[in-house]
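This report follows a few parts of one model, beginning with a single residue and the helix beside it in the text, and ending with a pocket. The sequence and structure are shown here for reference.

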Amino acid sequence: MKRTSILLITLLGVTAVTSLSAQQAAPAKAQTVAAGLSSETRQKLMESLRKAAAFLSQKQKADGNWENLPGINGMVATAILRQPGVDRAKQLAAVGKALDALAKLAKPDGGIYDKDIPHYITSVSIMALVAGGRAQDKPLVEKGRQYLAEHILDEGEGVPPSDKFYGGLGYGGTSDGGRADIISLEYGLRAMKEAELPANNAAWDKAIRFLQRTQNNSEANDQAWAKNDGGFIYYPGFSQAGETASYGAATYAGLMSYSWANVKKTDPRVQQVLKWVRDNYTVDENPGLGQKTVYYYYMVFAKALQAVGEPIITDAKGRRHNWREDLAKKLISLQHPEGFWVNTDKAEMQDNPILVTAFTMMAIEAALQ
């Protein structure tokens, strides 16, 4: 079974091209694009989140979970807990049992998982417990962040600095064959960042080495295959878009990972990623993969641009785009009347409306920030 299929079937999915909108097609000189969200769009997004949360509430089981997979439950809990404008006590009442279930998975070494893909599940569990902010979970979060930092691939795992997987993070256990990938690493770095792993921890610098080797940027990448469009691939030497072609989801995960790893926006490596973003800007597809995993793409697209602080994207043709407004209109148009989202491309578990709705809520929550 392919590596990506293992992940999506077990956990949460990594992880038709439409025409440009009239606004995108307009000449740059005719555009006046304001940053941020209009009050009307913001109100529509808040209502969209309300409908999504109501849908998830209807799908919640008596034990507080949504699926038999802790990764999906952690994602859903996090999305609900990050919803703005909702009473905190109400949020915790809605997801308290799900958080309890995740907490019960904690292992003596700090991992938070059941049996499979320990790094992934630990990352998602930490994000959920951090979002919950419960005092009793703080020790678990602190041990969990250290667990992830210690499992960054390095000499401790017999991986030398010259190895292309050095500094990366994979699924963990026996499921990844000792490999790392940009999606796994981004989840791990996000969890460590949210759990406040100290900036001087060696894990950050090791992770940057892997990021460099996964980016099509020959000035920083010591791998012979590296090109110079600035985008990212799945792991060094392999792309889900074919050969070593940069693609959307990986690139925004890479951009976000640089941010988590304390690499500044002015850094040439980050500027190279932003060049790819300008050259490939779209909210109509996951560039390079079409509609495959497009909702994961929407999540990392929004979270990355919010994290790096880019309110307006000027594309390669000089057209200015307020990505928040563009994304908002797209996601609102795709929401089903019952409140959920689901992908037309079923690959990688995106036919699961619970998972896809969690991804989309996180995208909206980033756009609202």
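The model is predicted, and the description begins with asparagine 322, which lies in strand S2, a run of residues 320–322. Asparagine 322 has a relative accessibility of 4% and therefore counts as buried, since the cut-off for that class is under 20%. Leaving aside residues up to four places away in sequence, asparagine 322 touches Val33, Ala34, Ala35, Gly36, Tyr281, Pro311 and Ile312.

The side chain of asparagine 322 also takes part in polar contacts with backbone atoms, which are set out in the table below.

| Part of asparagine 322 | Backbone partner | Distance |
|---|---|---|
| Polar side-chain atom | Oxygen of glycine 36 | 2.5 Å |
| Side-chain oxygen | Nitrogen of arginine 324 | 3.1 Å |
| Side chain | Nitrogen of glutamate 325 | 3.2 Å |

Through the contact with arginine 324, asparagine 322 caps the N-terminal end of helix H13. Helix H13 itself covers residues 323–334, twelve in number, and its span from the first C-alpha to the last is 16 Å, close to the 16 Å expected at 1.5 Å a residue. Within H13, the buried residues include Trp323, Arg324, Glu325 and Asp326, and Leu327, Ala328, Lys330 and Leu331 are buried as well.

A second residue to consider is lysine 51, which is found in helix H3. Is lysine 51 buried or partly exposed? Its relative accessible area is 27%, so lysine 51 is classed as partly exposed, a class that lies between the limits of 20% and 50%. When residues up to four places away in sequence are not counted, lysine 51 touches Gln335, His336, Pro337, Glu338 and Gly339. Aspartate 222, by contrast, is 171 residues from lysine 51 in sequence and 48 Å from lysine 51 in space, taken from C-alpha to C-alpha.

Helix H3 also leads to the largest pocket, since H3 (39–59) and helix H5 (88–103) each supply at least two residues of the pocket's lining. The largest share of that lining, six residues, comes from H3. The largest pocket holds about 350 Å³ of space and is lined by 16 residues, of which Ala53, Ala54, Gln83, Val86 and Lys90 lie nearest its centre. Sorted by class, the lining of the largest pocket comprises nine nonpolar, five polar and two charged residues.

Methods. Residues are numbered from 1 along each chain as its sequence is written. This is a predicted model: local features need pLDDT of at least 70, side-chain atom pairs count only at pLDDT 80 or more; totals for chains, interfaces and linings use all residues. Side-chain values use heavy atoms; hydrogens and water are left out. On a 1 Å grid over the protein atoms alone, a cavity is a set of points where a 1.4 Å probe fits but cannot get out, and a pocket is an open set with protein on both sides within 12 Å along at least five of seven lines; lining residues have an atom within 4 Å of a point. Grid points are joined across faces, edges and corners, and a volume is the space filled by probe spheres set on the points. Helices (H or I, at least four residues) and strands (E, at least two) are DSSP runs, numbered from the N terminus. Ala, Val, Leu, Ile, Met, Phe, Trp, Tyr, Cys and Pro count as nonpolar, Asp, Glu, Lys and Arg as charged, and the others, Gly among them, as polar. Buried means under 20% relative accessible area, exposed over 50%, partly exposed in between (1.4 Å probe, protein chains only). A polar contact is a pair of N or O atoms within 3.5 Å; within protein, one must be able to donate a hydrogen and the other to accept it, and residues adjacent in sequence count only if both atoms are side-chain atoms. Contact means heavy atoms within 4.5 Å. The expected span of a helix is 1.5 Å times one less than its number of residues.
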